[in-house]
Amino acid sequence: QVQLQESGGGLVQAGGSLRLSCAASGRVFRIYHMAWFRQAPGKDRQFVADISTNGYNTNYADSVKGRFTISRDAAKNTVYLQMNSLKPEDTAVYYCAAGPYYTNTRNYREYDYWGQGTQVTVSS
């Protein structure tokens, strides 16, 4: 199995930037498809971005396309989410998730492993 831990959240002004990190341990990281989700109070868990095992293929929710970038570093067993031009509606708890290498879905139920989340708050 894989253990995931997010970091890098915090409070930022609208228009600012944050970089989230998700460190993996316990099993070979490079074989997992990775994704970021977020959840705001009273709302369902929402897909943000995902990345293939080799890092060549990425997908983004329309709401973050052009502002967020997902990447991974196999040597460091870490996946990142660079968030630029942040908006108040980006405020949420952000979670990283891992699934099988063939994962091709934005449905959080298809992912097997989850971190504890990191809070991102964007002020107007």
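Start by selecting Asn54, which is found in the loop between β5 (46–51) and β6 (58–60). Keep in mind as you click around that this is a predicted model. Asn54 has a relative accessible area of 45%, and residues count as partly exposed when they fall between 20% and 50%, so Asn54 is partly exposed. Now add Ala14 to your selection and draw a distance between the two C-alpha atoms: Asn54 and Ala14 are 32 Å apart in space, with their positions 40 residues apart in sequence.

**Next stop: the start of the chain**

Select Gln1, in the segment before β1. Buried or exposed, what would you say about Gln1? Its relative accessible area is 54%, so Gln1 is exposed. Then pick Gly26 as well. Gln1 and Gly26 sit 25 residues apart in sequence, yet their C-alpha atoms are 6.1 Å apart in space.

**Walking across a sheet**

Show the cartoon view and select β1, β3, β8 and β7. In that order they make an open sheet of four strands, with antiparallel pairing. The edges are held by β1 and β7 (68–73), and each has a single partner strand, so one side of each has no neighbour in the sheet. Going from one strand to the next, the twist averages 15°. What holds strands like these together? Strands of a sheet pair through backbone hydrogen bonds, and they can be parallel or antiparallel.

Let's cross the sheet one pair at a time:

- Select β1 (residues 3–7) and β3 (residues 18–25). These two run antiparallel and are joined by five bridges. Zoom in on Gln3, and you'll find its bridge partner in β3, Ser25.
- Move on to β3 and β8 (residues 78–83). Six bridges join this antiparallel pair. Pick Leu20 here, and look to Leu81 in β8 for its bridge partner.
- Finish with β7 and β8, antiparallel again, with six bridges between them. Ile70 is the residue to click, since it stands opposite Leu81 in β8.

So Leu81 is worth a label in your viewer: it is the bridge partner of Leu20, and Ile70 stands opposite it.

**Two faces of one strand**

Stay on β7 and show its side chains. Which residues make up its covered face, and which its uncovered one? Phe68, Ile70 and Arg72 are on the covered face, while Thr69, Ser71 and Asp73 are on the uncovered one. Try giving each set its own colour.

**Round the turn**

Follow the chain out of β7 to Asn77, in the loop between β7 and β8. The two strands form a hairpin with four residues between them, and there Asn77 takes a positive phi near 50°. What makes a positive phi worth a stop? Most residues other than glycine have a negative phi. With 27% relative accessibility, Asn77 counts as partly exposed.

There's another residue to visit further along the chain. Select Ser85, in the loop between β8 and β9. Ser85 is not a glycine either, but its phi is positive, at about 50°. Its relative accessible area is 42%, so Ser85 is partly exposed.

**The disulfide**

Now search for sulfur–sulfur links. How many disulfides does the whole structure have? The search finds one, formed by Cys22 and Cys96, with their sulfur atoms 1.9 Å apart. This pair ties together distant parts of the chain: Cys22 is in strand β3 and Cys96 in strand β9 (residues 92–99), 74 residues apart. Look along the S-S bond and you can check its torsion, which is about 55°, so the disulfide is right-handed.

Switch on the surface and try to spot the two cysteines. Cys22 has a relative accessible area of 0%, so it is buried. Cys96 is buried too, with a relative accessible area of 0%.

**Last stop: the largest pocket**

To find the largest pocket, select Arg38, Ala40, Lys43, Gln46 and Glu89, which lie nearest its centre among the 13 residues that line it. The space inside comes to about 180 Å³. What kinds of residues form the lining? Seven are charged, four are polar and two are nonpolar. Colour the lining by residue type and you can see that split for yourself.

Technical notes. Residues are numbered from 1 along each chain as its sequence is written. This is a predicted model: local features need pLDDT of at least 70, side-chain atom pairs count only at pLDDT 80 or more; totals for chains, interfaces and linings use all residues. Side-chain values use heavy atoms; hydrogens and water are left out. On a 1 Å grid over the protein atoms alone, a cavity is a set of points where a 1.4 Å probe fits but cannot get out, and a pocket is an open set with protein on both sides within 12 Å along at least five of seven lines; lining residues have an atom within 4 Å of a point. Grid points are joined across faces, edges and corners, and a volume is the space filled by probe spheres set on the points. Ala, Val, Leu, Ile, Met, Phe, Trp, Tyr, Cys and Pro count as nonpolar, Asp, Glu, Lys and Arg as charged, and the others, Gly among them, as polar. Two strands pair if DSSP finds at least two bridges between them. Axes are lines fitted to C-alpha atoms, for helices over the stretch in contact, and angles run from 0 to 180 degrees between N-to-C directions. A disulfide is a pair of cysteine sulfur atoms within 2.5 Å. Buried means under 20% relative accessible area, exposed over 50%, partly exposed in between (1.4 Å probe, protein chains only).
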